[in-house]
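Let's take a walk through this structure together. Have the sequence and the 3D view ready, and we'll go stop by stop.

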Amino acid sequence: MGEDLSESEIVDGVPASLVVVSNREPYSHERGADGETQVQFATGGLTSALDPVMRERGGTWVAWASGDADMAVADDGIVEVPPSDPAYQLKRLPLSEEAVEGYYYGYANQVLWPLCHEDTGRMWAEPSFWEQYRAVNDQFAAAVSEVADDGEPIWFQDYHLALAPRRVRDRRPDATLHHFWHIPWPAPSVFRHCPHGAALLDGVLASDVVGFHTPAYAERFLRCVDDILPGAVVETGDGVVRYEGSETRVLANPLGIDADAVRARARTADTTAVRRSVLGDSRSDPTIRLALGVERLDYSKGIPERIEALAHLWDRRPDLRSEFTYVQKASRTREGIAAYRRYRRDVLDAVERVNDRFGTADWQPVVYTEANLDAETLAGLYRAADVALVTPHRDGMNLVAHEYPAACVDGDGALVLSDLAGAAAHIDGALTVNPHDIAGIADAIERALELDAAERRERLRSLRESVERLDSRHWVARQFGAET
Ligand code: F6P
């Protein structure tokens, strides 16, 4: 450390080298049942958006060492990644079990996650959660200060790291600090439920630039600052906050995907083989029309309502039975929290109920899978699906809503999208729904299946154009002011 970054190290308006800081690491090393170490790439929008950026630019990514073999393969916590073709450094931060309990399963996912998804009935703010959240944010700040060169911009990601920018600022008053909040920001009336609102805002505002997916989230953040931090001067029109002698720029900057990469994977995918592998063990014919949902088993995702909507549709339109199968690709998540374990059981029960009620000898209404699909197979599944259903109660952005149209390389496909997902603010061409309106979701699925060919094509064209516009390269450029 200690080298100065000169102006010449700016490429296309974006610093050539970055320090990215997130809870989740892009690559983890896990010990398999056979004792062999395997590398896993994290699924999730944040890691898939930032990994290509870091591959292109280089630098250091600081993240929690969540894999059980992570530290064994690292040198002083550092590994070169991607392991197959090293392009940047991953600095792993080991956390004690107590820290993970309090910071990750506790404060991040039982206070901030429900708060920001405006589901305050699920908030549980044990004092130890806040203590651990503060302690872990301090640990991240110390690790960052160790690896960041002078002048190298530091980019914090997401709700796990609201306090770390202030801690780094205390150590490095001249550092360039960025933050991006990947989940929704709640309305001030909801944010007031948080017992530590002022400290969280103070932490984030130590950054020079703070990004949110939508203008609505950015505007709510500014209103919360105005409401809770009396010392702050908020210029809503310009998106600027003056606080503690410095200035923070607050911007709406929608995250997108690497659309070229998704398209390329979908083009080469063998959709017949993908259909066979996903529907193979089911009672449905592998050539049947498909509706598709892809998500983590998170209570914000609206999966039970969606399955109920399918039941409503098959009830109202018996002629649509046997016409299509719904594939639910689900990933287990955050199972240290009882609400997530319960949610998985609720989803499994809902699937079983619908299959028992409507299933026949040669048609399975819902196929549920928790299989770990690689990126190629997932792109093939998107391409094979006639309709994608993305109906979260709330979602910061939702990148499945981007990946699906990008993968529809045959020019055919329809998207049913919750109007409470951040994606709905940026994507044209979807059939939008209220995620709690079961009858409305059923109507939208019916419509999506029966759109005439010209409207389907036209809607998909708009979807694909929106997704191209939002490509993740533009997201990085906007964050660093190289594009507006
Ligand atoms: O922003 C939400 C997010 O952190 C995404 O990056 C990702 O999709 C998901 O949550 C992953 O959650 P976790 O890191 O808790 O598995």
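Is Arg306 buried or exposed? Arg306 is buried, with a relative accessible area of 0%. Keep in mind as we go that this is a predicted model.

Arg306 has a charged partner: Arg306 and Glu295 form a salt bridge, and their closest N and O atoms are 2.5 Å apart. Because Arg306 belongs to helix 10 (residues 303-316) and Glu295 to strand 15 (residues 289-296), the pair ties together parts that are 11 residues apart in sequence. Glu295 is buried too, at a relative accessible area of 7%.

That pair belongs to a bigger story, since the structure holds 39 salt bridges. Let's visit a few others. Find Arg167 and Asp138, whose side chains meet in a salt bridge with an N to O distance of 2.6 Å. This one links distant parts of the chain: Arg167 sits in helix 4 (residues 164-171), Asp138 sits in helix 3 (residues 127-147), and the two are 29 residues apart. How about their surroundings? Arg167 is partly exposed, with 25% relative accessible area, and Asp138 is partly exposed as well, at 32%.

Next, look for Arg344 and Glu370. They form a salt bridge in which the closest N and O atoms are 2.7 Å apart. Here again distant parts of the chain are linked: Arg344 is in helix 11, while Glu370 is in the loop between strand 17 (366-369) and helix 12 (375-384), 26 residues apart. Glu370 is partly exposed, with a relative accessible area of 28%.

Salt bridges can also join up into something wider. Arg316, Arg317, Asp319, Asp443, Glu446 and Glu450 are linked in a network of them. Try picking out those six names in the viewer and following the links from one to another.

Now back to helix 11, which spans residues 338-358 and is where you'll find Asp356. Asp356 has a relative accessibility of 59%, so it counts as exposed. Which residues keep Asp356 company in a patch of negative charge on the surface? The others are Asp346, Asp349 and Glu352.

Time for the cysteines. For background, a disulfide is a covalent bond between the sulfur atoms of two cysteines. How many disulfides does the structure hold? The count is 0. Cys194 shows why: the closest cysteine sulfur to its own is in Cys116, 8.4 Å away, and that is too far for a bond. The cut-off for a disulfide is two cysteine sulfur atoms within 2.5 Å. Cys224 is in no disulfide either, and its nearest cysteine sulfur, also that of Cys116, is 9.1 Å away. As for their settings, Cys194 is buried, with a relative accessible area of 8%, and Cys224 is buried at 0%.

Let's finish with a trip across the model. Start at Glu131, which lies in helix 3. With 53% relative accessibility, Glu131 counts as exposed. Then hop over to Asp281: measuring C-alpha to C-alpha, Glu131 and Asp281 are 48 Å apart in space, and they are 150 residues apart in sequence.

Terms used:
Residues numbered from 1 in each chain as written. Predicted model: local features only at pLDDT ≥ 70, side-chain atom pairs only at ≥ 80, totals over all residues. Heavy atoms only, no water. Patch = residues over 30% accessible without salt bridge, like charges linked within 9 Å, V, L, I, M, F, W, Y side chains within 5 Å. Areas by Shrake-Rupley, 256 points an atom, 1.4 Å probe, with all protein chains shown as cover. Salt bridge = Lys/Arg side-chain N within 4 Å of Asp/Glu carboxyl O. Lys, Arg positive; Asp, Glu negative; His and termini not counted. Charge placed at Lys NZ, Arg CZ, Asp CG, Glu CD. Helix = DSSP H or I, 4+ residues; strand = E, 2+ residues; numbered from the N terminus. Buried < 20%, exposed > 50% of the residue type's maximum accessible area, 1.4 Å probe, protein only.
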